[in-house]
Amino acid sequence: MKQLLMGNEAIALGAVRAGVSVVTGYPGTPSSEILETVAKRCREVYAEWSVNEKSALETAAGAAMSGARVMVTMKQVGLNVASDPLMSLNYTGIVGGMVIVAADDPGPVSSQTEQDTRRFGKFAKLAVFDPSSPEEAYLMIADAFDLSEKIKRPVLFRPTTRVCHGYASVELLPPLDVKRDTRFQRNSRFVIFPKLAYESHVVIEKTLKELSTADYPRNTLEGAGTLGIATGGVSHAYVSEALGGQLNCKLLKVSAYPFPVGVAERFLEGLTDVLVIEELDPVIEEELLLLSAEKKINVNIHGKRSGEVKNAGEFAPSEIAVIVNKFLGKDTAEATAQAPSNLPIRPPVLCAGCPHRGSFLAVKEACKGINAVFCGDIGCYTLGNAKPLDMVDTCLCMGAGITMAAGIKRADESKTTFAFVGDSTFFHTGISGIINAVYNNADEIIVILDNSATAMTGGQPHPGLGLVANGSPTAKISIENIVQAIGVQHIVKANAFDLDEAVSAVKSVLDKQGVRVIIFSGECIAVSKRRGKCVIDNDKCVNCGLCVTKLGCPALTLSGKTPTLDETLCNGCGLCAYVCGKGAIACE
Amino acid sequence: MNNLSVVIAGVGGQGTVLLSRLIGNAALTSGQDVRGAETIGMAQRGGSVVSHVRIGADTHSPLTPSHKADLLLAFEPGEAVRAFHLLADNAAVVALDRAVKPSVPQPFGEYDGASALAFLKENVSRLYIIEQEKLFRQISPKAANVALFGAAVGLGLLPLSIEQAKLAVRERVPEKFLSINLNALDVGANYFAEVTP
Ligand code: SF4
Ligand code: SF4
Ligand code: SF4
């Protein structure tokens, strides 16, 4: 029977079908729903939100060394955090199948980089699976487990955003018969040493070579002729859509790496021209160039390197249709009416009633006339950079704000440095930054925004909440106690929705020295119920516009000079009432 | 039946994801293959969001290519215009008429949706505009997505009966919100009762 599944759900259910028994991960768009699906729908499988990707991968590594089938989920930049254990784990090897799902984000739609995990796979000497659709991902993840178990090394599985957040009707199949004997048995290869690394390296190279010449049924070759298109991942869907069921060229689909040289050589035979359509890096393109040089095949290769396909950003299916049609000598239908270009500009903004708006405003108010730098971090609060708040000067990667703020101060004494960090980011990689700051006598103010959720990725729990991935209770780890234990001398707390209290909290640490911490608490609107509602009293309002121009709350807009409060969006946080000097906004 | 591609355009937070799932679920239950894509991530915080639902066995791409959409359901006039390039020549558009104003200053001056509505009226022959004020007198604003679903079914723009639509709502919507959503479905389905599709 078919079910409508999001790609991430398909990956989760496919892994469970393949007998996965331990799943770990850290939330990150577009990967988060994979682990959520396991935690919600398959409670017999152990699933955990780890504090970061490195911890997730290491936890899973232990289980895989003990013979379990394990899966680790993260977004592409999460793989950077997990890369230290992963690089070495490939050398020690594992026993049970281990699949690391690292979701790439062409565009990027919701990420800091456009890195290509296929490239990472080559660097780390790992096999990589590249599904082109939710249906394929559902089946392919079982292949990934089988291969990993066969070669006794971890493998990468890298869907992209349009596979993860695409959806399709997927035929669900009965579970595979995967009997596991999970027992940790000592093995000298689990202790990495230079000698072992060398020996493993020899084996890894041999395995990769064998895999590159082996036939994998999902690496497919169809069609005939002197023109050929090579593609993989979701780009294959765009190419198929452009071809519209007529295959008057050769079509190579690469679904797994190391690059399959056997099928690729058969593809190149007899071709004059090849078009390569792939998002992110020209991985297939470069492999085809290498292969054609090695095999002395004379063929023109068109793609990113030749400038015919763009080398940054996400593909749109229509843009691929134009390139494919041109390559095949066909016309593309032209657009008719041109839509006007003066459409509203809508950058993402903090929600109406978001606690971060109050925190940013409090720091902004307290810092009037002060020469300050505001380091941001990864999470909803990156959106504090939007005008009118305009409170984020740097944003680099998870946990970087705290350490960067210390560094800025080392180079520019004249600045007062602030670092904003969310609760989940604090646990992820923020704590080590605070230890570094205290240890090295840094001078900065760290603002911890505790909104009781990993909000940007959909509100997953974290160690400060007393809940694990499937909602069961666990010990609650106090942010304040950690900061205290590290030895921070000045710690103040305030309610993010109480602007007076929040401003005085900031002021109280401004003239102090060393590492200072402010903890602002206020729940994300996705966590807590509506607080109430606010209305503007038009008799009292003097149309000064401050409530709109100071806050950037999506529920407040101006029509001419008159402010309008959209009651359906307002969460009654009361911030606009604070800002209004005329008492024209009443909240209940 | 032939393929049918539906595009849903709105602003993050308006419930496009549920709407696409309702259509997708209902189509699947009636025996059709479905694929599509959602906008999930940063843009859900008030950015422009688009969902795609493609019904029928021979679609490949989760995103609808330009000029291939048969139906556009829009929560807001400006977002309807933004998705206009996806529409086939004879596509139908069902749109709410009230502009969602961005909270950031606009380079082209104040946006009120008027020019977007005018563009739609000029360029879309099968245009069905829902007056939001009139609609919200009868339904909860939180159920606007389900009302749009109802309107599309009522107008015969989706290959679904109202019973199939109801079933999809029952399957997908949590118990405590069920009655407001079933009401929205009915109001939407009857909104254009006097219009002949
Ligand atoms: S999801 Fe929560 S934390 Fe994120 S912007 Fe909205 S209210 Fe703020
Ligand atoms: S701040 Fe107060 S007086 Fe000024 S526009 Fe807003 S509601 Fe009116
Ligand atoms: S109370 Fe004011 S600031 Fe808070 S959500 Fe409502 S309109 Fe926005």
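## A tour from the A–B interface outward

Start by selecting A:Ala168, which stands opposite B:Arg35 in strand 2 of chain B. You are looking at a predicted model, so treat each stop as a feature of that prediction.

**Stop 1: strands that pair across the chains.** Now widen the selection to strand 8 of chain A and strand 2 of chain B, residues 34-37. These two strands pair in the antiparallel sense, over three bridges.

**Stop 2: the whole interface.** Show every residue of one chain that is in contact with the other: you should have 58 residues of chain A and 55 residues of chain B. The area buried between the two chains is about 4,700 Å², and carbon and sulfur atoms give 58% of it. Next, highlight A:Tyr167, A:Glu241 and A:Arg346, which supply 18% of the area that chain A buries against chain B, more than any other three residues.

Keep A:Glu241 selected and add B:Arg54: the two form a salt bridge, with the closest N and O atoms 2.9 Å apart. Across this interface there are six salt bridges. For polar contacts between chain A and chain B, the count is 23 residue pairs.

Which elements of chain A should you colour here? Those that give two or more residues to the side touching chain B are strand 1 (2-6), strand 8 (166-171), helix 9 (234-243), helix 12 (317-327) and strand 21 (556-559). Helix 9 gives the most, with five residues. If you colour this side of chain A by residue class, expect 28 nonpolar, 18 polar and 12 charged residues.

**Stop 3: chain B by itself.** Hide chain A for a moment. Chain B has seven helices and six strands, and along the sequence they follow the pattern β-α-β-β-β-α-β-α-β-α-α-α-α. Its C-alpha atoms fill a box of roughly 50 × 40 × 35 Å along the principal axes. The radius of gyration of chain B is 16 Å, which agrees with the value near 16 Å for a compact globule of 197 residues.

**Stop 4: an open sheet in chain A.** Bring chain A back and pick out the seven strands in the order 3-2-4-5-7-6-12, an open sheet with mixed pairing. At the edges are strand 3 (46-49) and strand 12 (256-257); each has a single partner strand, so one side of each is left without a neighbour in the sheet. Within the sheet, select strand 2 (residues 22-25) and strand 4 (residues 70-75) of chain A, which run parallel and are joined by four bridges. To see one partnership, click A:Gly25 and then A:Thr73, its bridge partner in strand 4.

**Stop 5: a salt bridge between distant parts of chain A.** Select A:Arg162 and A:Glu314, whose closest N and O atoms are 2.5 Å apart in a salt bridge. A:Arg162 is in helix 7 (residues 161-164) and A:Glu314 in the loop between strand 14 (300-302) and helix 12 of chain A, so the pair links parts of the chain 152 residues apart. Over all chains, the structure holds 40 salt bridges.

**Stop 6: backbone details.** Most residues other than glycine have a negative phi, and most peptide bonds are trans. Where does chain A depart from this? Go to the bond from A:Tyr257 to A:Pro258, which is cis with omega near 15°; A:Pro258 lies in the loop between strand 12 and helix 10 (261-268). Another cis bond joins A:Lys387 and A:Pro388, with omega about 5°, and A:Pro388 is in the loop between strand 15 (372-375) and helix 14 (400-411). Finish at A:Lys125, where phi is near 60°, in the loop between helix 5 (117-124) and strand 6 (128-129) of chain A.

Notes:
Residues are numbered from 1 along each chain as its sequence is written. Chains are lettered from A and ligands numbered from 1 in the order in which they are written. This is a predicted model: local features need pLDDT of at least 70, side-chain atom pairs count only at pLDDT 80 or more; totals for chains, interfaces and linings use all residues. Side-chain values use heavy atoms; hydrogens and water are left out. Contact means heavy atoms within 4.5 Å. Buried area is the accessible area (1.4 Å probe) that two parts lose on being put together, summed over both. A salt bridge is a side-chain nitrogen of Lys or Arg within 4 Å of a carboxyl oxygen of Asp or Glu. A polar contact is a pair of N or O atoms within 3.5 Å; within protein, one must be able to donate a hydrogen and the other to accept it, and residues adjacent in sequence count only if both atoms are side-chain atoms. Ala, Val, Leu, Ile, Met, Phe, Trp, Tyr, Cys and Pro count as nonpolar, Asp, Glu, Lys and Arg as charged, and the others, Gly among them, as polar. Two strands pair if DSSP finds at least two bridges between them. The radius of gyration is taken over C-alpha atoms; the globule rule is 2.2 Å times the number of residues to the power 0.38.
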